[in-house]
Every structure is written in structure tokens, then in C-alpha cells.
Amino acid sequence: MNNNQETTLLEVDNLKVTIKDKKRPLHPVRGVSFSVDQGQRVCLVGESGCGKTMTAFSILRLLPEDQFSISGGIFFDKINILSLAQEEMRKIRGHQIAMVFQEPMTALNPVLSIGFQIVEAIRVHKPIPKKEAIDLALSVMTNVGIPNPNLLYNQYPHQLSGGLRQRVMIAMALSCNPRLLIADEPTTALDVTVQAQILELICLLSTEMDLALVLITHNLGVVAQIAQRVLVMYAGSIVEDAPARELFNSPLHPYTKGLIASVPYGKDKMSKRRLSSIPGRVPALHEIPQGCAFRDRCKWAQNICSEKAPELRRVNGKQKVACHLVNV
């Protein structure tokens, strides 16, 4: 666990998520550990199916308890939220820890107005009069760049563009001044111009509010733009943990190297050169091999890679990597 207890806001320690299955329990998250400091921007990166969203849902206790079991520790401000009763957790979820979901059209209620939904989120956590909650909702809508908030207040999700719907989700998430914001692929459904605006907004608000941010994405361009620290996740485990600059300048894990090599940069965008790619696919939960989960896709794999899983180890003082081939 992180020894910097004065600034550490979130500490995830050996998190394991198990899908309850009588035939064969499956583990979409396997031994994940990381920390997030107050005001820090952390990106969780990996292909679809690597366990990123499952990790976020675990932090917020959004996984149905009759279908999933969670072990390990999730400490928010030194409190293990896995030990809290549901009623206590509701006081933290949406208030101290907020989340922006991937697709706002499905996250927002289609039959309730935008204003009603933001005000409802505020009054769940703040015992204030409705008039005061409405004023606060309009103020937050203005702060996230929503034009004509008085007009949009009475409109419904289907009447707004994708960019405006995502701004509404951000407004709702920030309406109670959380200390930690989890954003799950917040720009996936948006065009490039709107995507840049949303990312710039999230960065700005994070700085202004001293807000810790966990951004889930598979887009390394987004990571380069927003991250201070990067966690690379593969098949339910973190395989590399590094400051953003170090990760892009000197990636250590073969998976990280493959992700970076597959992104077109500079002249590559205009050339006809075939892009590099990682062979194969992320293994299904019931297909994760013994040893290193990435070994079947790694061109440097050796015998030891099939014998035991590598541990996440610190190297060169700043980076952590789970790979038998990297020397400490």
C-alpha cells in the first residue's frame, strides 16, 4: 500500500472481483492495487474486457451482491468502504465519490427533465430547500459550459446533443462537490471536436476544485492529454504503473509497448505505412492462461512466462511493471 498517507485519497489494495458461478467462479479483476492522491489525475488504460469498468464499479459498490463478491480493500479517506453498510455507502456514492458514465443517453432518465435529475442528485445529499437546489443546479450547469441553462433546465435528454448530455452528466456528478470523480470513457460517443472540449473541461474542473480524477479509457491520445499517472490494465490485472511522461518515453511492459506502437503519431498519420498491432485478443475470463496472461500475445515470451504470473514490482524508482523480462 502507499506510504504517503497524508495526501492519498483512494487506496485500492489487492482488489479481487469474483463472478458467482456454481460451475466455475470467474475473476474479471485479479489482485489490483493502486492509489490516487488528492487532486491527482490518473488514467486506467487497456483494451475492452481488461476489467477497467469492473474496477470502477467495485470502488462505488455498484456490482450486484447476489452476482459478484469483492475481496481486498478499498480505502477512501482511510475508510474501508467494503466494510460499510449500504446506507453508509449511499452517503459517499454521488457525494464524496461521483461517476460520469460512458453513455449519457442510457445513464440519464429519458422521462425526467434535465433540471429535475440534477436537483434530485443535490437534494439526496444536501438537506436544502428546493429553490436553493435549483439555483445550485443552474450554477453548476453554467460552470460546465452549458449554454442557456434556464432553457435546458426543462428539456429532456433526447432533446440535447451528445456533448450537452455529457456536460449534464458532469454537472450532476459535480453538483455535490465530490473529492473523487471517476469518468468511464466519457468521450467515446462524441465527435473529435466535442471530445476535446469535454476533456479540457474535466481537466480544468479537476484543477479548480482540487478534484482527484480516475479516467477510464482505451485512447492513448486522451491519456497523453490529461494523465499525470497511468495504470495499464490487462486481463483483470495492472501490468504497468507509471507517471505519464515516463510511460510514453520508456514503456516497460510488452503490452504497453504494443499499445503505444499501434497509435499513429506525426507523419504516420499521413503515411500509407501499415500500423503496428498486437496479435490475438484479450482472453475471455474462462481462457486466461496460467502464468503471464499476456504471454500468448507477447513476442518475447519465455518458459518462465507460462510457469508463474509476474508480480507488479517497482523499477527505476518511478515505474512499476509486472513482467519477468524486466530487470529490477
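**Entry 1: V17 and its strand**

I started with V17, which is buried, its relative accessible area being 0%. Buried here means under 20% relative accessible area, exposed over 50%, and partly exposed in between, with a 1.4 Å probe and protein chains only. I note that this is a predicted model: local features need pLDDT of at least 70, side-chain atom pairs count only at pLDDT 80 or more, and totals for chains, interfaces and linings use all residues. Residues are numbered from 1 along each chain as its sequence is written, and side-chain values use heavy atoms, with hydrogens and water left out.

V17 sits in strand β1. Helices (H or I, at least four residues) and strands (E, at least two) are DSSP runs, numbered from the N terminus. I then listed the contacts of V17, leaving aside neighbours within four places in sequence; contact means heavy atoms within 4.5 Å. The list holds L26, H27, P28, V29, M54, S58, L63, F68, S69 and I70. I also checked V17 against P149, 132 residues apart along the chain: their C-alpha atoms are separated by 41 Å.

**Entry 2: the sheet**

I traced the open sheet next. Its four strands follow the order β2-β1-β4-β5, with antiparallel pairing. Two strands pair if DSSP finds at least two bridges between them. Why do β2 and β5 each have one side without a neighbour in the sheet? Both stand at the edges with a single partner strand, so one side of each is left free of a neighbour there.

Strand β1 (residues 8-19) and strand β4 (residues 68-76) run antiparallel and are joined by eight bridges. I looked up one of the residues involved: L10 has F76 in β4 as its bridge partner. Helix α1 (residues 52-59) packs on the sheet and touches β1, β2 and β4. The direction of α1 makes about 115 degrees with that of β1. Axes are lines fitted to C-alpha atoms, for helices over the stretch in contact, and angles run from 0 to 180 degrees between N-to-C directions.

**Entry 3: Q195 and T187**

Q195 lies in helix α8 (residues 192-208). Is Q195 buried or exposed? I found Q195 buried, with a relative accessible area of 18%. Beyond four places in sequence, Q195 contacts T187, L190, N219 and V222.

I followed the contact to T187, in the loop between β7 (180-184) and α8. T187 counts as buried at 7% relative accessibility. Not counting residues up to four places away in sequence, T187 touches Q195, I198, L199 and V222. I also took T187 against G163, 24 residues apart in sequence: the C-alpha to C-alpha distance is 8.5 Å.

**Entry 4: helix α11**

Helix α11 (residues 254-261) is mostly covered, with six of its eight residues buried. These are P254, Y255, T256, G258, L259 and I260. I checked what they pack against: β3 (41-45), α9 (220-226), β9, β10 and α10 (244-249).

**Entry 5: cavity and pockets**

I searched on a 1 Å grid over the protein atoms alone. A cavity is a set of points where a 1.4 Å probe fits but cannot get out; a pocket is an open set with protein on both sides within 12 Å along at least five of seven lines. Lining residues have an atom within 4 Å of a point. Grid points are joined across faces, edges and corners, and a volume is the space filled by probe spheres set on the points.

The whole structure yields one cavity of 30 Å³ or more. The largest cavity has a volume of about 70 Å³. Of its 13 lining residues, P254, C292, C298, C305 and C323 are closest to the centre. P254 is also one of the buried residues of α11.

The largest pocket holds about 700 Å³ of space. Its lining counts 34 residues, with S33, I238, D241, L312 and K320 nearest the centre. Which strand gives the largest share of this lining? It is β2, with eight residues.

The second largest pocket holds about 570 Å³. I counted 22 lining residues, of which R93, G94, F101, A121 and M172 lie nearest its centre. β6 (97-100), α4 (114-125) and α7 (162-174) each supply at least two lining residues. α4 gives the most, with five.
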